[in-house]
Amino acid sequence: MSSNSFGKLFTVTTFGESHGPAIGCVIDGCPPGLAISAEEFRSDLDRRATGRSRYTSQRHEADEVEILSGVYEGKTTGTPIALLIRNTDQRSKDYGDIASSFRPGHADYTYWQKYGIRDPRGGGRSSARETTMRVAAAVLAKKWLAEHHGVRVRGYLAQIGEVVPDAFDWDAVEQNPFFWPDADQVPALETYINALRKSGDSVGARVDVVADGVPPGWGEPIYGKLDGDLASALMSINAVKGVEIGDGFAAVAQRGSEHRDEMNMDGFASNHAGGILGGISSGQPVVASIALKPTSSILIPGRSVNLAGEPVEVVTKGRHDPCVGIRATPIAEAMVALVLIDHALRHRAQCGDVGAVAPRIP
Ligand code: EPS
């Protein structure tokens with residue numbers, strides 16, 4: 001299967017299946033000299049992992065990273081960095097029925113049509129388990145971006161079903177299992193997800209990511225636009241059906257006089273553009289949003305067909321998320337960080353001699 005790598009100068013290749021012995025990645029192009037230890041992967045991997053709260057899949061994986069190469073005496077050497085995480089809590093018998101039928105709304109059918117063979121256990125390669133390695137690779141990207149450019153990439157759950165935050169506080173985001181920015185609403189969300197799980201159904205969600213500190217100049221017109229690469233990277237996350245940059249689709253109903261971000265030497269007056277103009281970062285925060293569809297693996301029976309083309313009713317057993325969006329915040333952050341480090345290195349390669357050009361809007 002091709003297209004398991006992305007990034008031009010900071011290239012990440014992931015491998016592995018949900019119920020195989022292990023998942024892993026190879027990062028080629030990481031700058032040398034970045035201090036890194038296995039413990040530093042813990043925080044982001046735990047933020048993304050299943051089984052860390054009762055509102056997500058109850059599969060319990062330790063997600064312990066083994067650094068196999070590319071790090072010597074605690075520092076990256078510039079050679080390929082191979083990371084491995086062993087799978088330890090597969091329950092493949094849950095997928096007995098799925099092996100011979102297709103879950104409606106799932107990649108089961110399209111993988112079968114494309115390859116003529118598939119690993120149904122846990123969804124195989126189509127499983128969100130694969131996103132673990134993106135988050136692991138992004139630990140290096142986030143650290144390098146912070147140390148070299150003061151960039152901070154943060155995300156939060158901006159909508160779940162019809163529910164939107166009533167208030168916004170970055171400090172609240174890491175204090176609850178939903179990455180929700182309004183602490184007062186968390187009990188209501190708990191009730192909402194409990195009822196949803198009991199009903200056997202699932203729901204969609206929206207995640208917003210903000211990257212602060214991105215300097216102007218990152219992004220390559222025409223075919224390597226920063227927003228184009230962000231859209232591609234974010235769309236590659238399982239269950240993502242929409243990506244917006246800045247105001248995104250709301251721009252359709254705006255006037256030019258409203259949408260343009262006016263500027264003077266004190267700064268920009270607004271950020272409708274999401275920090276990207278002409279595919280190049282403007283120096284404002286880069287803002288991207290994703291829409292995630294409801295999980296297709298649900299207990300409510302759905303009509304489908306089996307391998308023989310006969311009509312069947314599909315009920316998906318197993319330990320599925322009632323809302324994949326709940327765990328998507330660290331994944332979306334990871335994809336933004338991976339695109340940003342790739343563009344930081346690409347900008348340095350071509351335009352490193354240009355330096356800061358006046359006037360620079362703060
Ligand atoms: C997933 C189904 C579940 C999740 C899995 C993603 O797998 P299983 O049925 O084997 O428990 O637990 O997520 C992870 C294991 C993970 O680490 O994110 C799916 O269908 O995408």
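## Helix α5 and its two sides

What covers the buried residues of α5, β8 among it? This is a predicted model, and in it the cover over the buried residues of α5 includes β8, residues 152-160.

The helix itself runs over residues 186-199. Its 14 residues should span 20 Å at 1.5 Å a residue, and the end C-alpha atoms are indeed 20 Å apart, so the expected and modelled spans agree. The buried residues of α5 are V186, L189, I193 and L196. Around the axis they take up an arc of only 80°, which means they sit on the same side of α5. Turn to the face pointing away from that buried side and you find the exposed residues A188, T191 and K198. Just after α5 comes G200, with a positive phi of about 80°.

## Helix α6

Now for α6, which covers residues 226-235. Its buried residues are L226, L230, A233 and L234. Looking down the axis of α6, you'd see these buried residues fall within an arc of 95°, so they line one face of the helix.

And what do they pack against? The partners of the buried residues of α6 include two helices, α3 and α8. The strands they pack against are β10 (240-245), β13 (276-277), β14 (280-281) and β15 (286-292).

## T329 in α8

Helix α8 also holds T329. Is T329 buried or exposed? T329 has a relative accessible area of 0%, and buried means under 20%, so T329 counts as buried.

Leaving out residues up to four places away in sequence, T329 touches R47, G155, Y156, L157, F179 and V207.

## The second largest pocket

On to the empty space. The second largest pocket holds about 500 Å³. Its lining is made up of 20 residues. Those that lie nearest the centre of the pocket are P216, G217, H347, G355 and R360.

Which elements give two or more residues to this lining? They are α3 (131-149) and α8 (328-351). Of the contributors, α8 gives the most, with four residues.

As for chemistry, the lining of the second largest pocket divides into 12 nonpolar residues, six polar ones and two charged ones.

## Pulling α8 together

Helix α8 turns up in several places here. The buried residues of α6 pack against α8, the buried T329 lies in α8, and α8 gives four residues to the lining of the second largest pocket. Helix α3 also has a part in two of these settings: the buried residues of α6 pack against α3, and α3 gives two or more residues to the pocket lining.

Terms used. Residues are numbered from 1 along each chain as its sequence is written. This is a predicted model: local features need pLDDT of at least 70, side-chain atom pairs count only at pLDDT 80 or more; totals for chains, interfaces and linings use all residues. Side-chain values use heavy atoms; hydrogens and water are left out. On a 1 Å grid over the protein atoms alone, a cavity is a set of points where a 1.4 Å probe fits but cannot get out, and a pocket is an open set with protein on both sides within 12 Å along at least five of seven lines; lining residues have an atom within 4 Å of a point. Grid points are joined across faces, edges and corners, and a volume is the space filled by probe spheres set on the points. Ala, Val, Leu, Ile, Met, Phe, Trp, Tyr, Cys and Pro count as nonpolar, Asp, Glu, Lys and Arg as charged, and the others, Gly among them, as polar. The expected span of a helix is 1.5 Å times one less than its number of residues. Buried means under 20% relative accessible area, exposed over 50%, partly exposed in between (1.4 Å probe, protein chains only). The arc is that of the directions from the helix axis to the C-beta atoms. Contact means heavy atoms within 4.5 Å.
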